[in-house]
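User: I'm new to reading structures, and I'd like a close look at one single part. Could you pick a part and take me through it step by step?

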Amino acid sequence: MRRPLLSLLALALLTAAPVPAQPASSPPAETLRDPIFPGLGQAGLDVRHYDLHLTVAEPGTREVRGVVTLTLASTRPLAQIRLDFLGPGVEAVRWNDRAVPFQADETAAKLTVTPPAPLRPGGAARLTVEYAGTPGELEDPDFPTPLMLGWQAVPAEGARAGASFVLSEPNGTHTFLPSNDHPSDKATFTTRVTVPRGYVAAASGLETGRVDGGDTSTFTFTQGEPIPTYALGIFVDRFLRVDETAIPVGVGGRAVVRRDFFPPETPGTVRAAYRRTDEALRLLSEWFGPYPFGAYGVAVVTPRLPALETATLSTMPLNMSTERVAVHEIAHQWFGNAVTPATWPDVWLSEGMAAYAELLWTEHLGGDGQAYAARWHANLTRAGTRPLRATRAEELFDLSTYQRGALTFHALRAEIGDAAFGDFLRAYVTRFSAGAGTVSTPAFLAFVRERAGAEAEKSVRRWVEEPELPPLPVVGR
Ligand code: ZN
């Protein structure tokens, strides 16, 4: 009697024991150790491409279905793949089309997959994940009103149909997409979105297909240049799509496709904010060099949210629809999407230059750029400031990131003059959009020294590193 009882007990214990996440022999997979989000990403993992098919059967509800195939490479042997995922329930995982074991851990927000053999440097694999249900809920650490990052559902209201879209920066993409959700791992995307008939889907990249299948329509978008995961834009609404003539400001004079998406009954005052998009694209490509992508436009969304520079198609909430914000998001296509922060503390390099573009636009309109800079300086004097590398999530999008960040570029311009400043910006974009397509604060400072000299680097470094606010730099007087 005893022995069977014991073994039954042992069996019960064994089956109840959690499956070890790792074979005992290999160390646990390392994350990318971001100073602000230490849990994100997997060290050594390189996602080259995401091929995503989302089905949004009922826009305005939180339900989604997804099938994604990631093209993987690695820079070290990986016995397991640990993707960021706080998403809907996982139904199947395949490695090169073969079913493989997986474990979805909600607490860690990780989906761990064990391939038949380790992924090795020089190797490649296709990892497919099928999932369906409700995207995870992730609260933004710093936005003044509570903000859920990632998948957004806008319920139907009165005559207005429901809508769905994503708003992910900094770390919301893994609420709807299993991903290496860190800006240092940029990738290309193919995004297919199936929506009920009558709806329009829009996403980052060029529209490369549309199939009407009776009750549904499926739209395909190709984002052929690598972007960070947070910059993937996806939108579903009864949009009015407005096409404009393509303009030749792209790489090598390439024509940039121009399209905007407006929800039905968008007021004329809101649309007015986007009338000068072509003019801004021309001005900024003079300063920054060729526009880095194949398309540009906006998707207007109705909830009160921050605007976001989603690649080739900025997310513009109604309440953010001003020409100033519109220009800011255009500038992010270079600074943020083409040249991407290597870690989250480096985000000031994106926000500082996007804010600086507002000053350049002001000057273009005949306004006083120096007065614009003086206002930033006064704001920071009043509110207080900090060195530019953020140390806490609450600092990522604060006044210092934007306005002290912008003044750092103003200081460089004051030091070297307009012509050299333009040369610097164009060389900076060329240099740091190549390769991994990322820039860190130390790499930026080294580049300032290399291109503009030790004196310029010294004055820029004060803006980056000193606890106090340096005096207002003066340009052009
Ligand atoms: Zn910005």
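Analyst: Let's start with the metal site and then follow its helix to the spaces beside it.

First, a word on what you are looking at. This is a predicted model: local features need pLDDT of at least 70, side-chain atom pairs count only at pLDDT 80 or more, and totals for chains, interfaces and linings use all residues. Residues are numbered from 1 along each chain as its sequence is written, and side-chain values use heavy atoms, with hydrogens and water left out.

Now to the metal. Which residues hold the zinc ion? His 328 and His 332 each coordinate the zinc ion through NE2, and Glu 351 does so through OE, at 1.8 to 2.0 Å. Such donors are N, O and S atoms within 2.8 Å of the metal (3.2 Å for Na, K and Ca), and sites may look incomplete because water is not among the atoms. Read along the chain, the donors of the zinc ion follow the spacing H-x3-H-x18-E.

The two histidines share an element: both His 328 and His 332 lie in helix 4, residues 323–334. They sit 4 residues apart there, about one turn of the helix. Helices here are DSSP runs of H or I with at least four residues, strands are runs of E with at least two, and both are numbered from the N terminus. Are these histidines buried or exposed? His 328 and His 332 are both buried, where buried means under 20% relative accessible area, exposed over 50%, and partly exposed in between (1.4 Å probe, protein chains only).

A record adds some context. UniProt, in an unreviewed entry, places the feature "domain: Peptidase M1 membrane alanine aminopeptidase" at residues 314–461. UniProt positions are given in the numbering used here, feature names are shortened, and annotations may be inferred rather than shown by experiment. Over residues 314–461 the chain is 66% helix and 5% strand, and the C-alpha atoms at the two ends are 31 Å apart.

Next, the space around helix 4. Rolling a probe the size of a water molecule over the atoms shows where empty space is left. On a 1 Å grid over the protein atoms alone, a cavity is a set of points where a 1.4 Å probe fits but cannot get out, while a pocket is an open set with protein on both sides within 12 Å along at least five of seven lines; lining residues have an atom within 4 Å of a point. Points are joined across faces, edges and corners, and a volume is the space filled by probe spheres set on them.

The largest pocket holds about 660 Å³ of space. It is lined by 29 residues, and those closest to its centre are Pro 306, Met 320, His 328, Phe 397 and Tyr 402. You have already met His 328 as a ligand of the zinc ion. Two or more lining residues come from each of helix 4, helix 5 (348–364), helix 6 (369–383) and helix 7 (399–416). Which helix gives the most? Helix 4 does, with 5 residues. By class, this lining has 17 nonpolar, 3 polar and 9 charged residues. Nonpolar means Ala, Val, Leu, Ile, Met, Phe, Trp, Tyr, Cys and Pro, charged means Asp, Glu, Lys and Arg, and the others, Gly among them, are polar.

Helix 4 also borders a closed space. The count comes to 2 cavities of 30 Å³ or more, and the second largest cavity has about 40 Å³ of space. Its lining is Ala 273, Tyr 274, Arg 276, Thr 277, Ala 280, Glu 323, Ala 326, Val 327 and Ile 330. Helix 3 (277–288) and helix 4 are the elements that give two or more of these residues. Helix 4 again contributes the most, with 4 residues. The lining has 6 nonpolar, 1 polar and 2 charged residues.

For contrast, the largest cavity, at about 50 Å³, has strands in its lining. Strand 11 (163–167), strand 16 and strand 20 (298–301) each supply at least two residues, and strand 11 has the largest share, 3 residues.

To put it together: helix 4 carries two zinc ligands, His 328 and His 332, and gives the most residues to the lining of the largest pocket and to that of the second largest cavity.
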